[in-house]
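Colleague: I would like to go through this structure with you slowly, one question at a time. Could you put it up for us?

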Amino acid sequence: MRLFATIFAVLLLFPSSLLAEENGDGYDEHTIRRSDIPADAPKFEDSPAEIYLGENARLSFQSKVAREYRTRLSQWAKEKPNFAGHYVLATWGCGAGCTQIVIFDVETGIAYSPSGASTNVAVNVHHDFLEGSDMWHATGAESFRPDSRLLVLVGMPEERENDRGISYFVWERNKMKRIRFVAKP
């Protein structure tokens, strides 16, 4: 009981200014914020895609990712394109703050695990960044549109600490190409 009382007394006397509040909002200088988006950041309109309106092809199980996530992808394969014209960017949780990303081509039925962007972990991302926009999906740290090939990831793609920040990718020839990166160590 004496140990508990001592710990409680120390906590009461501990200066609250040392509890990592940079702007009085509970976050610190390492937090990824909307204000970290550069004025000249890539825009969805810079990478247009024509939206496919036909019927979805059946999911092909020729790829490892399709076989591994058969149930989830079978459900996503019924959806209309939500990314890059004729693709469904499928997302689901893979842990705390983690999002798994698979791209399904509704024209061919092929599923892709986008190298460099197959997972994203939203660690220390300000809640305002993740709320209030219908463009932010899953954990809120992925942004994409049906009429654009641009994918924006906020956090740590592939759980790589050196890639923590805001990553801008373009989907080209069934591969992700990172075109801009804003580091936030």
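Colleague: Which residues form one aromatic cluster?
Modeller: This is a predicted model, in which local features need pLDDT of at least 70 and side-chain atom pairs count only at pLDDT 80 or more, while totals for chains, interfaces and linings use all residues. Residues are numbered from 1 along each chain as its sequence is written, and side-chain values use heavy atoms, with hydrogens and water left out. The structure holds 4 aromatic pairs, where rings of Phe, Tyr and Trp (its six-membered ring) pair if their centres lie within 6.5 Å, and planes under 30 degrees apart count as stacked, over 60 as edge-to-face and the rest as tilted. The cluster is formed by Tyr87, Tyr112 and Trp171.

Colleague: How many residues apart in sequence are the parts that the pair of Tyr87 and Trp171 ties together?
Modeller: The two rings make an edge-to-face pair, 5.6 Å from centre to centre with 80° between the planes, and both Tyr87 and Trp171 are buried (under 20% relative accessible area, against over 50% for exposed and in between for partly exposed, with a 1.4 Å probe and protein chains only). Helices (H or I, at least four residues) and strands (E, at least two) are DSSP runs numbered from the N terminus. Tyr87 belongs to strand β1 (residues 87-93) and Trp171 to strand β8 (residues 165-172), so the parts that the pair ties together are 84 residues apart.

Colleague: Which residues are linked with Arg145 in a network of salt bridges?
Modeller: A salt bridge is a side-chain nitrogen of Lys or Arg within 4 Å of a carboxyl oxygen of Asp or Glu, and the structure holds 7 salt bridges. Arg145 meets Glu45 at 3.3 Å, N to O, a pair that links distant parts of the chain, with Arg145 in the loop between β6 (142-144) and β7 (150-157) and Glu45 in the loop between α1 (2-13) and α2 (64-68), 100 residues apart. Arg145 also meets Asp147, at 3.0 Å from N to O. The residues linked with Arg145 in the network are therefore Glu45 and Asp147.

Colleague: Is Asp163 buried or exposed?
Modeller: Asp163 forms a salt bridge with Arg160, and the closest N and O atoms are 2.6 Å apart. Arg160 is partly exposed, with a relative accessible area of 37%. For Asp163 the relative accessible area is 10%, which means that Asp163 is buried.

Colleague: Over the ring of which residue does the charged end of Arg70 sit?
Modeller: A charge sits over a ring if NZ of Lys or CZ of Arg is within 6 Å of the ring centre and within 35 degrees of the ring normal. Arg178, for instance, lies over the face of Phe181, at 4.4 Å from the ring centre. The charged end of Arg70 is 3.9 Å from the centre of the ring over which it sits, that of Phe61.

Colleague: Over which residues does pLDDT stay under 50, with 10 contacts beyond four places in sequence?
Modeller: The chain averages a pLDDT of 85, and 81% of the residues score at least 70, where pLDDT is the predictor's confidence in each residue, from 0 to 100. Where pLDDT is low, the predicted coordinates should not be read in detail. The stretch with 10 such contacts (heavy atoms within 4.5 Å) is residues 3-22.
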